[in-house]
Structure formats: structure tokens, C-alpha cells
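Student: I'd like a close look at one part of this model, the middle of the sheet. Could you walk me through how it is put together and what surrounds it?

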Amino acid sequence: AKNVFHVLDFLGSGRTSKTFLAVTTKGHECVLKMYVRKFDEANNFQPIPPHQIKKDAEKSTNAEREMYKLIYGIEIPVITLFNHKCLVLPYFRPVQKEERADALIA
């Protein structure tokens, strides 16, 4: 099935988005970065009109997608889930300090 993800955990949130750890139906881990900005903090937290939310989400996700392509040379899918623009990002776990020596040998 297209755009089917199983959310495993909430990873965090920022000014414009929330991130979730998810797996695809094929078992691939990923991060769903969902654009959720609905209020203008620079304008006393006034609601942003729906047409402007859509425009801002498009601009923001496309800009981030271009940065991934420029910096890492990878294509990042942009999808819509629950009427929100989402980036489907790679997920990685940093090697813990006590495991680094073994990781370098392998």
C-alpha cells in the first residue's frame, strides 16, 4: 500500500514541525517530519489562514528537500499525510561512546 507507515515513537518537535520514528510496510525505518505550523508567533500567535499554511508548507518542505540533495546527494520524498506535508527522512542511530571502538574495527 502506498504511503503506509507504522509510527513507533514521537521523536520531537520544533517551531514548524513534529518528527516521528516510523517503519514502512517493508520494515524500513524512517523519520516522518510533518509540517504543522498553524500559528504566527511573530504576530501574537494569530492563526495562519489555510491557504497560507499550504503555501508555507510547500516552500519549507521543498527547501529542506533541496538541502538534502545538495548536501547528501539523496532524494527525499515529500508526501501528504493527514493533510500535512511530510518529508520521509532516513533514520540513523548514533554509535554510543562505549561502542565506538568496536564499530571502528568492524
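Tutor: S3 and strand S7 (residues 84–90) pair in the antiparallel sense, and 5 bridges hold that pairing. Please keep in mind that this is a predicted model. Two of the contacts across this pairing can be named: Lys33 has Leu87 in S7 as its bridge partner, and the bridge partner of Leu32 in S7 is Val88.

Now turn to the other neighbour of S3. Strand S2 (residues 17–24) also pairs with S3 in the antiparallel sense, over 7 bridges. Within that pairing, Phe20 stands opposite Leu32 in S3, and Val23 has Glu29 in S3 as its bridge partner. A hairpin of S2 and S3 has 4 residues between the strands, and there Gly27 takes a positive phi near 90°.

Stepping out once more brings us to S1 (5–13). S1 and S2 run antiparallel and are joined by 7 bridges. One of the pairs is Ser13 with its bridge partner Lys18 in S2, and the hairpin from S1 to S2 passes through 3 residues.

Put together, these pairings belong to an open sheet of 5 strands with the order S1-S2-S3-S7-S6 and antiparallel pairing. S1 and S6 are the edge strands, each of them pairing on one side only. From one strand to the next, the twist averages 35°. Helix H1 packs on this sheet, where it touches S3, S6 and S7, and its direction makes about 15° with that of S7.

How enclosed is S3 itself? In strand S3 (residues 29–35), 5 of the 7 residues are buried, so the strand is largely enclosed by the rest of the structure. The neighbouring S2 has 6 of its 8 residues buried, so S2 is likewise largely enclosed by the rest of the structure. As background, nonpolar side chains in soluble globular proteins tend to be buried together.

That leads to the nonpolar core. The largest one has 10 residues: Phe5, Phe20, Ala22, Cys30, Leu32, Met34, Ile79, Leu81, Cys86 and Val88. The elements giving two or more residues to this core are S2, S3, strand S6 (78–81) and S7. S3 supplies the largest share, 3 residues. Leu32 is a good residue to centre your view on: leaving aside neighbours within four places in sequence, Leu32 is in contact with Phe5, Val7, Lys18, Thr19, Phe20, Ala22, Leu81, Leu87 and Val88. Apart from this core lies another, of 5 residues, including Tyr68, Ile76, Leu87 and Leu89. As general background, side chains in a regular strand alternate between the two faces of the sheet.

Tyr68 takes us from that second core to the helix. Tyr68 and Tyr72 are 4 residues apart in helix H1 (residues 50–72), which means they are separated by about one helical turn. The model has 2 aromatic pairs by the ring-distance rule. In the one formed by Tyr68 and Tyr72, the ring centres are 5.6 Å apart and the planes stand at 40°, so the pair is tilted; the tilted class covers planes that are neither under 30 degrees nor over 60 degrees apart. Tyr72 has a relative accessible area of 58% and is exposed, because the cut-off for exposed is over 50%.

One last stop is the start of the chain. Asn3 lies in the segment before strand S1. Not counting residues up to four places away in sequence, Asn3 touches Ile79, Thr80 and Leu81. Asn3 and Leu81 are 78 residues apart along the chain, yet their C-alpha atoms are separated by 7.9 Å. With 34% relative accessibility, Asn3 counts as partly exposed. Leu81, its contact, is one of the residues in the largest nonpolar core, and that brings you back to the core to which S3 gives 3 residues.

Methods
Residues numbered from 1 in each chain as written. Predicted model: local features only at pLDDT ≥ 70, side-chain atom pairs only at ≥ 80, totals over all residues. Heavy atoms only, no water. Buried < 20%, exposed > 50% of the residue type's maximum accessible area, 1.4 Å probe, protein only. Contact = heavy atoms within 4.5 Å. Phe/Tyr/Trp six-rings, centres within 6.5 Å; stacked < 30°, edge-to-face > 60°. Pairing = 2+ DSSP bridges. Core = buried A, V, L, I, M, F, W, Y, C linked by side-chain atoms within 4.5 Å. Axes fitted to C-alpha atoms, helices over the stretch in contact; angles between N-to-C directions.
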